[in-house]
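Visitor: Hey, can you walk me through this one? Keep it simple, please.
Guide: Sure, let's have a look together.

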Amino acid sequence: MSIFASLAKLDRRWIFLAIGLLVVVPLLTGFHIAPVRPGSRAQGFYDAIEKVPAGATVLLAGDYDPGTIAENYPMHLAAVRHLMSRNVKIVAVELYPGGPPLADRVLHLVGEEFHKREGYDYVNLGFKSGNEAVMSQMGSSIPITFPADRSGKPVGRIPVMKGIENFSQIALLVSISAGYPGTKEWVQQVVSRYHVPMVAGVTAVSAPEYYPYLQAGQLQGLLGGMAGAAEYEVLVKAPGLATRGMDAQSLAHIFIALMILLGNLAALPQRAPAGRK
Amino acid sequence: MHVTTDFGIWISALLTLGIFSFLYKDNPAYKLCEHLFVGVSAGYYVVLNYFSVVRPNLLDPLVQGDGHGGRDFFLLVPLVLGILLFSRFFPKGDWLSRWSIALILGVYPALRITGFGQGDFVEQIHGTMLPLWVAGNPGATIGNWILVVGLLTTLIFFFFSKEHKGALGGAARVGVYFLMVSFGASYGYTVMARISLLIGRVMFLLHDWLGVLHL
Amino acid sequence: MKREVPLIISMAAGIFVLIGFFVPHPLVRTGYDKIQQWVIVVVAFTYVLGMANLMKLNLDQIQRRAKDWPYKIALVVACLATMAVGFQNGSHYLDDGTGFTWIYNTFYSAMSSTMFSLLAFFIASAAFRAFRVRTVEALLLAIAAFILMLGRVPIGSLIHPVLPQAADWLMEVPQNAAKRGILMGAALGVMATGFRIILGIERTYGSEGGS
């Protein structure tokens, strides 16, 4: 049997094993390929947060759940770190059901690091069902849309919510998003209507569709996937999970590229008899 | 190596391996994990929606009021519509649930008309109004031309009211090439996304469970 | 009643929300705000409906001893246990240390992220078995994919310094143009369909037996 025929018959479980090893081995050995270099989109994200004055309020939309934690959590963490280091107040909301505990985790973890107090420097308003209707309603009144925070405390009794009525009091919208509802809907319902500056950290799957928004000026910065998160971690000088994962990511990408080449080579002899006809 | 003694992490790790066992073949461990996941998710969504929406946005304003003595009795409308959704379980009365669905199907198209119209149409046209000659910057000039030509040919490809022949056919063909480049880019990003999610899971197993990875 | 009332509801709600976008008059805005606040609540009920439907389906299958019925028992027990723990915890159900948070971290978070991570294996397998370059278009797709996959990770700069720049240019120019075309085309479609639904021309949800 020729090598091509053997390749064509390859059990896919060998491919599964190979990809598993290519991820495990670099992580275990600490094998390092090349440094992460921030690009212009991550720089835009960073610069937009740098422009927010201390004491201003930022709306942080953590619209993702554990399914995309590997991509979104590092960028969420880095964004909160950046915001808190600049003494910016954070009002967090989540439109994904699985989002509230992740937002809590990030806010509490970084809040302790920077000695920030819940209710005074940040608040997690929690989840609200309704997708675009929630965004649209926040434009009319954030306290009516979110009458209480994640643990049920009325927003009227939360100091950081004092004076926050709608998007006019929001200096920047930071969207960490996995899909629908997320960045696209925030751009359509909020940026286009209320002209709030916005930056987005999104999964790699959805990143390509947000480039038109970036180019049109609807987004000031964009982080795409774990690579984008790693670039941002470098910019905020807090390399973490994303930066650590980039070496395994590199090797896996080379492997996938090789698989595409090999797959096409393996298919060549099967096409030759058809070509002769 | 410092294997965790946390019971919860052990369960998570075993569930993770149970789901990964599907890669070898479908088996009882995977089936059990799958069903547990669906069950826990459904329970989680109900509790979350009760404490996040039903209580603060419906029951509290209706029963307790806004703290100044005012109660919003208009909230009886969504309460009734929400309950009517459950008429789907009764064959003779399931038509009542369409009233609730009708509210949803009236609001969201309206929100999307304005959202897509402004964000995805008008603003995108605005973003395409680019200078076709940038003095001293040939790279930007070429890039702007490619952007404009690419957009126009892509839109021409999606125009199916006339047969793609002649000049129109040629333009549509160019549009197809731009689309293929964008699909290739999307494929590349999708590969990155999927691998990233696996990296995250492996990090949990190696760091949180087995303690062999130091972050 | 069965056909007309839903049409009237969706038409009225849709028109109110559309007008409310443009007209800031307090009377219009009050209706606009109220309708959306109601929708937020009704959507929350749909999650409960989903759970109830799931329970009904699985209890039926357990009763009939359908295929894999023992696993359905695990599903039902998991759902009921999660709800019981959550409601017992009260409004602080997601605080650190509660039973509900433990269930979220141990079960929901772990299994959700693992389910998605399976895709990495399948994309690798599909790259080998299904990605065939047989036409010029497929070749363009493959070249773009290669540039992106290698240019967006650190190893790209080691292979060739131009790869990251090529990846950036590809995303910002040709890819951007095509995606913008798709975005605008989809926007036109969404607006047309939206008007059809609001005006009652698109009525698939309201048809007889169409629960």
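Visitor: Let's start with the sheet in chain A. What order do the strands have?
Guide: The order is 3-2-1-4-5-6, in an open sheet of six strands with parallel pairing. Keep in mind that this is a predicted model.

Visitor: Okay, and which strands stand at the edges?
Guide: Those are strand 3 and strand 6 (221–224) of chain A. Each has a single partner strand, so one side of each is left without a neighbour in the sheet.

Visitor: What does the twist average from one strand to the next?
Guide: The average is 15°.

Visitor: Which strands does helix 5 of chain A touch?
Guide: Helix 5 of chain A packs on the sheet and touches strand 1 (57–63), strand 2 and strand 3 of chain A. The direction of helix 5 makes about 170° with that of strand 3 of chain A.

Visitor: Let's zoom in on strand 2 of chain A. How many of its residues are buried?
Guide: Six of the six residues in strand 2 of chain A are buried, so to speak of it as mostly covered is fair.

Visitor: And which residues sit on each of the faces?
Guide: On one side you have A:Lys89, A:Val91 and A:Val93, and on the other A:Ile90, A:Ala92 and A:Glu94. All of these are buried, which leaves both faces of strand 2 of chain A covered.

Visitor: How many bridges join strand 1 of chain A to strand 2 of chain A?
Guide: Five bridges, and the two strands run parallel. As an example to find on screen, A:Val58 stands opposite A:Ile90 in strand 2 of chain A.

Visitor: Which helix is in the unit with those two strands?
Guide: Helix 4 of chain A. Together with strand 1 and strand 2 of chain A, helix 4 makes a right-handed β-α-β unit.

Visitor: Now the other neighbour. How many bridges are there between strand 2 of chain A and strand 3 of chain A?
Guide: Four bridges, again in the parallel sense, with strand 2 covering residues 89–94. You can pick out two partners in strand 3 of chain A: A:Asn124 for A:Ala92, and A:Phe127 for A:Glu94.

Visitor: What does the chain go through between those two strands?
Guide: The chain crosses from strand 2 through helix 5 to strand 3 of chain A, and this β-α-β crossover is right-handed.

Visitor: Why is strand 3 of chain A largely enclosed by the rest of the structure?
Guide: Six of the six residues of strand 3 (residues 122–127) of chain A are buried, so the rest of the structure largely encloses this strand.

Visitor: Switching to a single residue: where does A:Thr203 lie?
Guide: A:Thr203 lies in the loop between strand 5 (198–202) and helix 9 of chain A.

Visitor: Buried or exposed? What does A:Thr203 count as?
Guide: A:Thr203 counts as buried, because it has 31 C-beta neighbours inside 10 Å and the cut-off for buried is 20 or more.

Visitor: Which residues does A:Thr203 touch?
Guide: Leaving out residues up to four places away in sequence, the residues it touches include A:Thr68, A:Glu71, A:Asn72 and A:Gly225, and B:Ala193 in chain B is among them too. A:Thr203 is also 8.2 Å from A:Leu223, C-alpha to C-alpha, with their positions 20 residues apart in sequence.

Visitor: Zooming out, how many helices and strands does chain A have?
Guide: Chain A has eleven helices and six strands. Of the 277 residues in chain A, 59% are buried. The C-alpha atoms fill a box of roughly 75 × 45 × 35 Å along the principal axes.

Visitor: Which domains does the assignment give for chain A?
Guide: Domain 1 (3–31 + 246–267) and domain 2 (40–236). The centres of these two domains of chain A are separated by 36 Å, taken over C-alpha atoms.

Visitor: Next, how many residues of chain A are in contact with chain C?
Guide: 51 residues of chain A are in contact with 48 residues of chain C. Helix 11 of chain A gives the most to the chain A side, with 14 residues. That side divides into 27 nonpolar, 17 polar and seven charged residues.

Visitor: And how many residues of chain C are in contact with chain B?
Guide: 103 residues of chain C, in contact with 94 residues of chain B. Helix 2 of chain C gives the most to the chain C side, with 21 residues. Here the split is 73 nonpolar, 21 polar and nine charged.

Terms used. Residues numbered from 1 in each chain as written. Chains lettered and ligands numbered in written order. Predicted model: local features only at pLDDT ≥ 70, side-chain atom pairs only at ≥ 80, totals over all residues. Contact = placed C-beta atoms within 7 Å. Nonpolar A, V, L, I, M, F, W, Y, C, P; charged D, E, K, R; others polar. Buried ≥ 20, exposed ≤ 12 C-beta atoms within 10 Å, placed from the backbone. Pairing = 2+ DSSP bridges. Right-handed = clockwise from strand over helix to strand, strands pointing away. Axes fitted to C-alpha atoms, helices over the stretch in contact; angles between N-to-C directions. Domains from an automatic or database assignment.
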